[in-house]
Amino acid sequence: MRISELLKSTAYNTEVVVKGWVRTKRGNKNVAFIALNDGSCVANIQIVVDLQKIAEEQLKSVTTGACIAVTGTLVESLGAGQGVEVQATSIEVYGTADPETYPLQKKGHSLEFLRDIAYLRPRTNTFGAVLRIRHAMAYAIHKFFNDKGFYYFHTPLITASDCEGAGAMFQVTTMDMNNLPKGEDGAIDYNQDFFGKPCSLTVSGQLEGELGALSLGQIYTFGPTFRAENSNTPRHLAEFWMIEPEMAFYELEDNMNLAEEFLKYLIRYALENCREDLEFMNKMWDKELIERLNFVLENDFVRLDYTEGIRILQESGRKFEFPCHWGCDLQSEHERYLVEEHFKRPVILINYPKEIKAFYMKQNEDGKTVRAMDVLFPKIGEIIGGSEREADYGKLRARIEELQIPEKDMWWYLDTRRWGSAPHSGFGLGFERLLLFVTGMGNIRDVIPFPRTPKNAEF
Ligand code: ATP
Ligand code: MG
C-alpha cells in the first residue's frame, strides 16, 4: 500500500506490506524505529521493529537511503503526531545505501547543495513536496481547459522560423560541426542539413497555436520551450514549460478575464488538493506562502494602462537601478514596485508601446501602443505575457515589413489573415513561474526536476 493511504487507514491489526526508502533509523537494544517514505506524501510511516523477533544483524543494512519492503501489522500509534504505525514481522532489503557515501545522509542540506545533486534531490521532503505540487498543477491545467471546451493542441518543438523575438534560440542540426558543408560563396550549405534549412528549438508555440484557434476555436498548448537565455537569473531557465491558450473571438478584455480566472483556479486547486505539501513549504521555506495564495484568490487584479504605470513609477520618488520613462521595457524592480508596494495586488498591465512588444500584437488607434497584457505577480514579476493579435492582413504585413522580418519565414502566418481571419487573443504562462509562486520557492531551478541553465545540463 502507498503510505499516503496507509496513514489514513483505520484497518488496525491487519497485515500490510509497505515499500519505500528509509529516512532515519533509531532505537535501543530492544526496539528499532524506522521512518519510511515512499514519495506519496511528505509524512513518513513509522516501522516498529521488535529486536526479539527480527535479529539486529538483519537491520544492519537498513540505513538512511536504503530501499526496503516491510511486511507487518498496522496498529494504532501511541506516539504523538501519527495515527498508525507498522509492527514489522519481516523486512526485505531491495537496495542498500552505504552511509559513508550516500549524499543525503543528514537532514537540512542547502538548496544550493541539492542543486549539485539534482538527480537525488527528489528523495528529500522539500523536492517531494514541490514535485507533487508540480504534478497537481499540470493536472489542474488540463482539467481547467478541458472543462471549458478547449482542445490540447500540439505545436512543434523544432521550427524553421526564428522571428518571434521572444529569446535567443538553440540551433538544431545533424551537420558535422568539424566539417561543415560550404557552398561556392563560402557560406554554410544548409541544403545539406537534415531539414534542408536552418532550424531551431521553439521559443513559443504561439504562432502555430493561432492556427489552432482559427480552426478549433479555443486551444491551448502545454509543452517545453527553449530559450538560450544567457543570463543567470532566479526566474529564467533555458528549458521551461509553457501553457499557451489561444482563443478565436476573444478581445483583450476577454483575454484578461481568462488569465485571471485561470490563475485563481490553479491557486484554489493547490489550496484544496495539496494542503499538506503547502503547509510543509509554508513551515520550511516561506512563512507567508499560504497567506499570499489566499490573498491573490480573494482580490481582483488591478488593470492598468502602461502609460499610467509609468506615471506611478516616476512619481513614486523611488530610486530604481534602471530609471524608467515612457517607452522603456519594465524591469522586475518596476513590476514588483507596482505589485508589492503601490497596489499590493496582482496587476495586469496593458497597452504597451509597440516598440517593446512583438510584431503580431494588435495595434491601437493611437498608432503608438499595442493591445498587450502582462500579468505581474508578487515575488515573481511577470508571470503571464499575452495580447490580442493583429487580425488585419494589411496592418500585420506592414508591421512585418517595417521590422524587416523576412517574408519567407512568415508567409504561412500571414496567410491566416488572408482567409477567414478573426479577432483572437492568447497568452503564455510560464509553468515554472507559476510553481515559484505556488510553492514559495525563490529560485526557478528548484521547481523543475532537472534544470537547464548556462553550463548546466549534466543530469
Ligand atoms: P521575461 O521578461 O521575464 O524574460 P518574456 O517577456 O521573455 O519574460 P514571454 O515571451 O512573454 O516572456 O513568455 C511568456 C511567459 O513565459 C512569461 O510570462 C514567463 O512566465 C515565462 N518565461 C519566459 N521566459 C522564461 C524563461 N527563460 N524561463 C522560465 N519562464 C520563462
Ligand atoms: Mg525574456
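**Exercise 1. The environment of strand β16**

Determine how many of the residues of strand β16 (residues 424–430) are buried, and describe how they are distributed over the two faces of the strand.

*Solution.* In this predicted model, 7 of the 7 residues of β16 are buried, and the strand is mostly covered. The next step is to assign side-chain directions. His424, Gly426, Gly428 and Gly430 point one way from β16. Ser425, Phe427 and Leu429 point the other way. Both sets consist of buried residues.

**Exercise 2. The partners of β16**

Identify the strands β11 and β15 by their residue ranges, and state in which sense each of them pairs with β16.

*Solution.* Begin with β11, which spans residues 239–248 and pairs with β16 in the antiparallel sense over 5 bridges. Two residue pairs locate this contact. Met247 stands opposite Ser425 of β16, and Met242 has Gly430 of β16 as its bridge partner.

Continue with β15, residues 381–388, which also forms an antiparallel pairing with β16 over 5 bridges. Here Gly385 is the residue opposite Gly428 of β16.

In general, the strands of a sheet pair through backbone hydrogen bonds, in a parallel or an antiparallel arrangement.

**Exercise 3. From β11 to β10**

Establish whether β11 is largely enclosed or open, and describe its connection to strand β10 (residues 218–226).

*Solution.* The criterion for a buried residue is a relative accessible area under 20%. Of the 10 residues of β11, 8 are buried, so the strand is largely enclosed by the rest of the structure. Strand β10 runs antiparallel to β11, and 9 bridges join the two. One of the residue pairs is Thr225 with its bridge partner Phe240 in β11.

**Exercise 4. The surroundings of ligand 1**

Name the residues that come nearest to ligand 1, list polar contacts of the ligand, and give the share of its area that the protein buries.

*Solution.* There are 16 residues around ligand 1, and Glu229, His236, Leu237, Glu382 and Ile383 come nearest. For the polar contacts, pairs of N or O atoms within 3.5 Å are considered.

- The side chain of Glu229 places an N or O atom 2.9 Å from a nitrogen atom of ligand 1.
- Gly385 has a backbone N or O atom 3.5 Å from an oxygen atom of ligand 1.
- Gly430 has a backbone N or O atom 3.1 Å from an oxygen atom of ligand 1.

Taken alone, ligand 1 exposes 580 Å², and the protein buries 81% of that area.

The two glycines link this exercise to the strands above. Gly430 is one of the buried residues of β16, and Gly385 stands opposite Gly428 in that strand.

**Exercise 5. A sheet of three strands**

Give the strand order of the open sheet that contains β7, β8 and β9, and explain why β7 and β8 have one side without a neighbour in the sheet.

*Solution.* The order is β7-β9-β8, and the pairing is antiparallel. Strands β7 and β8 (171–172) stand at the edges and have a single partner strand each, so one side of each lacks a neighbour in the sheet. Strand β9 (residues 199–201) pairs with β8 in the antiparallel sense over 2 bridges. Within this pairing, Gln171 has Ser200 of β9 as its bridge partner.

**Exercise 6. Two asparagines with positive phi**

Compare the location of Asn13 with that of Asn351, and classify each as buried or exposed.

*Solution.* Asn13 has a phi near 65 degrees, a positive value in a residue other than glycine. Its place is the loop between α1 (3–6) and β1 (15–27). With a relative accessible area of 61%, Asn13 is exposed.

Asn351 is likewise not a glycine and has a positive phi of about 55 degrees. Asn351 lies in strand β13 (residues 347–353). At 12% relative accessibility, Asn351 counts as buried.

**Exercise 7. A nonpolar surface patch**

Which residues form a nonpolar patch on the surface, and where does Leu157 lie?

*Solution.* The patch is formed by Leu157, Ile158, Phe194 and Phe195, which together have about 390 Å² of accessible area. Leu157 is found in the loop between β6 (151–152) and β7 (158–159). Its relative accessible area is 36%, so Leu157 is partly exposed.

Methods: Residues are numbered from 1 along each chain as its sequence is written. Chains are lettered from A and ligands numbered from 1 in the order in which they are written. This is a predicted model: local features need pLDDT of at least 70, side-chain atom pairs count only at pLDDT 80 or more; totals for chains, interfaces and linings use all residues. Side-chain values use heavy atoms; hydrogens and water are left out. Patches are made of residues with over 30% relative accessible area and no salt bridge: like charges are joined within 9 Å, nonpolar side chains (Val, Leu, Ile, Met, Phe, Trp, Tyr) within 5 Å. Accessible areas come from the Shrake-Rupley method with a 1.4 Å probe; for residues, only the protein chains shown count as cover. A salt bridge is a side-chain nitrogen of Lys or Arg within 4 Å of a carboxyl oxygen of Asp or Glu. Helices (H or I, at least four residues) and strands (E, at least two) are DSSP runs, numbered from the N terminus. Buried means under 20% relative accessible area, exposed over 50%, partly exposed in between (1.4 Å probe, protein chains only). A residue is near a molecule or strand if one of its heavy atoms lies within 4 Å of it. A polar contact is a pair of N or O atoms within 3.5 Å; within protein, one must be able to donate a hydrogen and the other to accept it, and residues adjacent in sequence count only if both atoms are side-chain atoms. Two strands pair if DSSP finds at least two bridges between them.
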